[in-house]
Each structure stands twice: as C-alpha cells, then as structure tokens.
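Subject: Structure for you to look over

Dear colleague,

Here is the structure I said I would pass on. My notes on what was found in it follow below.

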Amino acid sequence: MDKPPLIHHAPAPHWVGNAFHVRSMFSYGQRNVNPDPFLLLDYAQPRHFSPSQERRGVGEHPHRGFETITIAYKGEVAHRDSSGGGGIIAAGDVQWMTAGAGIMHDEFFSEAYSKKGGDFEMVQLWLNLPARDKMTPARYQSITADDIPTVTLPDEAGTLRVIAGRYKDYQGPATTFTPVSLWDISLQARSSTTFELPANHTVILLVRHGTVSVNGSVDAGASQLVTFAQDGTTITIQAKEAAALLLMSGEPIAEPIAGYGPFVMNTEEQIRQALADFNAGQFGRLGQAQDRSATE
C-alpha cells in the first residue's frame, strides 16, 4: 500500500454489562477512522475472573440492520437469541449473528466458566449490512474451531485461521452478505509475511499481542489498531516478537448510516420505525439456548 499505515491507540476500557471489560477500538462516525463496511470493534483484553456464582454478562437486548461477530480466545460465552440460535463458544470458536430485520439476544459467561473462573479474552465486531439486506430474516451461524481452516504461512512464519473470505486455496466457513475477509493470524518471533488484498477494500489490523512492523514504516504493539489507505494490495508484517493479530478486510458499502444504539440503518425514519417495531414486540422472544455439543 502506497501511503503509510496509521496507528491508533486503544481508548480507555469500559464495561459492557458486568462481564465484558472492552476497549472500543473503532466505531462508525469517528473522524479518524472510516471502517466501512465494519461498524464497531470491541476488544476484551486478557483479564482474569475469579470463580463466582454471580451471573455475568449482558441481558436481553435488541439489534437491527447489521451483524455481530464474536471471536473467543479465552473463556466461554453462552448465547441465545430470538431466531432460535444459541450455544456456548469457547477458545477458537466464533458466533456470527445476523440481526437483519430484528433480533433479541443475550450473552453471559457460561455456567461452567463462571464457576471455575479463569482468563478471558474475546473480540466482538459489528459488520454493516447493505440497504438491500438490512431487513433480511435474522439468523445465527455457529462456527466451531474445527470448522475454521488453519493454514501454515510461507517460510513457517506462523499460522492463519480463515474465518471469512478466502486465503489462497482456503475458504472460510462464514457466509457473508458483502465481500469480507476475517483472518486470525499468529506469527513467530522474527518472522515476516506478506498478504495480498483487494485494492478497493477497507483493511484494518488489530494487534492483540506482541509487536510488529507494518510495511517497514510503522511499529504497532498490543491493543493497537493499524489502518490502511485504499490504494494498494500488499501488506508486509514483520514480527519483532511472537504476535497475535486479527486482520479485517471488506468491500465498502458506501451508503448513508443512521445509528441509534443497537440499531444501524440508512435513515432516521428507519431508526424511528425500528424503535416502534421493537416496542411492538416484533423482534421476537428469546428461546431456549442449546448446549454447543447438542448443535454439532
């Protein structure tokens, strides 16, 4: 990429519910980041939770007009929603929830994880839907670690998990409404690797752990975000130490955004309609969540 990438420092953390201590790495409407087609990235950095009988999480709440993608690295989260989707995600698993026309859901630590405690680390990404798909029926994709292809990078630089999109001959399991790549990358210390990406895509790199040099021009460390100009196709990453990264690439939707809390639409009138539909109970009711093993 011709223009040098930009480094963005993590903002102060805040609590979402009483379980998710996150840094909002970006959100739509920021002047310094245009994440289209992505809307928001919350990163729950590694944190230890002691055993507890308390129910920790976020209670029933609505969404409309976009998708939420939760990637588990440590800990366990139980999910249920009004589309009938539900399950428990643990290390390596992903849940991909399409809110579409409207959905109710909740997210809590699993009962087993709450009782035993332990380290917790997760990412939640919001992905916009094009106007034509915003009122699509809600759905839930349960993606286990075994579903995700893991590729060894050239020169044994590390590994790449293809959650969505394509890397070389490997296709990710997630079904998307707009062209998106979501790659979970682990690099060995003192390794170097190069990725080719579409020239017109928005490309964003989250550094979870370690320190890397990007395109030989900037260094980024843990909990920093790297953004790129849409004017090239090549990203070279050199790991100064063992590093864990999340690379997001997507074709911009380039449509107006009107957002109000858990609703992201194209116009203010659509937001008012979303509120009216929610208050009228049209987003459905939560069903009985199933254990992940029962859905495999």
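Pro-62 belongs to strand S5, which spans residues 57-63. Please keep in mind that the model is predicted. With a relative accessible area of 10%, Pro-62 is buried. Outside its neighbours within four places in sequence, Pro-62 is in contact with Ile-103, Met-104, Pro-262, Phe-263, Phe-278 and Phe-283. Phe-283 is 221 residues away from Pro-62 along the chain, yet the two C-alpha atoms are separated by 7.3 Å.

Arg-64 sits in the loop between S5 and S6. Is Arg-64 buried or exposed? Arg-64 counts as buried, because its relative accessibility is 4% and the cut-off for buried is under 20%. The side chain of Arg-64 has a polar contact of 3.0 Å with the side chain of Asp-277. There is also a long-range pair here: Arg-64 and Val-264 are 200 residues apart in sequence, with 6.4 Å between their C-alpha atoms.

Next, the strands that pair with S10. Strand S10 covers residues 103-109, and seven of its seven residues are buried. S5 and S10 are antiparallel and share five bridges; within that pairing, His-63 has Ile-103 as its bridge partner in S10. S7 is also joined to S10 by five bridges, again antiparallel. In S10, the residue opposite Val-77 is Phe-109.

Glu-76 is the residue I would look at after that. Its place is the loop between strand S6 (66-74) and strand S7 (77-81). Which side chain of opposite charge is nearest to Glu-76? That is Lys-116, at 4.4 Å; Glu-76 is buried yet has no salt bridge. The distance to Lys-116 does not qualify, because a salt bridge needs a side-chain nitrogen of Lys or Arg within 4 Å of a carboxyl oxygen of Asp or Glu. The side chain of Glu-76 does make a polar contact with the side chain of Ser-110, at 2.6 Å. Not counting residues up to four places away in sequence, Glu-76 touches Ile-88, Ile-89, Ala-90, Phe-108, Phe-109, Ser-110, Ala-112, Tyr-113, Lys-116, Phe-120 and Met-122.

Now the sheets. Strands of a sheet pair through backbone hydrogen bonds, either parallel or antiparallel. An open sheet of seven strands has the order S1-S22-S19-S24-S17-S14-S13, with antiparallel pairing. Its edge strands are strand S1 (6-9) and strand S13 (150-152), each of which pairs on one side only. From one strand to the next, the twist averages 25 degrees. Within this order, strand S17 (residues 180-187) and strand S24 (residues 243-250) pair in the antiparallel sense over eight bridges. Ile-185 has Leu-245 as its bridge partner in S24.

Another open sheet has four strands, in the order S18-S23-S20-S21, and its pairing is antiparallel. Strand S18 (192-196) and S21 are at the edges and have a single partner strand each, so one side of each has no neighbour in the sheet. Neighbouring strands of this sheet are turned by 25 degrees against each other on average, direction ignored. S20 and S21 pair in the antiparallel sense over three bridges, and Val-214 has Val-218 as its bridge partner in S21.

Some backbone points remain. Most residues other than glycine have a negative phi, and most peptide bonds are trans. Against that background, these places may be worth a look:

- Asn-215 is not a glycine but has a positive phi of about 55 degrees. Asn-215 lies in the loop between strand S20 (212-214) and strand S21 (218-220), and counts as partly exposed at 24% relative accessibility.
- Asp-155 also has a positive phi, near 60 degrees, in a residue other than glycine. Asp-155 is in the loop between S13 and strand S14 (158-164). Its relative accessibility is 77%, so Asp-155 counts as exposed.
- The peptide bond from Asp-36 to Pro-37 is cis, with omega near 20 degrees. Pro-37 is located in the loop between strand S3 (20-27) and strand S4 (38-49).

Regards

Terms used:
Residues numbered from 1 in each chain as written. Predicted model: local features only at pLDDT ≥ 70, side-chain atom pairs only at ≥ 80, totals over all residues. Heavy atoms only, no water. Helix = DSSP H or I, 4+ residues; strand = E, 2+ residues; numbered from the N terminus. Buried < 20%, exposed > 50% of the residue type's maximum accessible area, 1.4 Å probe, protein only. Lys, Arg positive; Asp, Glu negative; His and termini not counted. Polar contact = N/O pair within 3.5 Å; in protein donor to acceptor, adjacent residues only side chain to side chain. Contact = heavy atoms within 4.5 Å. Pairing = 2+ DSSP bridges. Axes fitted to C-alpha atoms, helices over the stretch in contact; angles between N-to-C directions.
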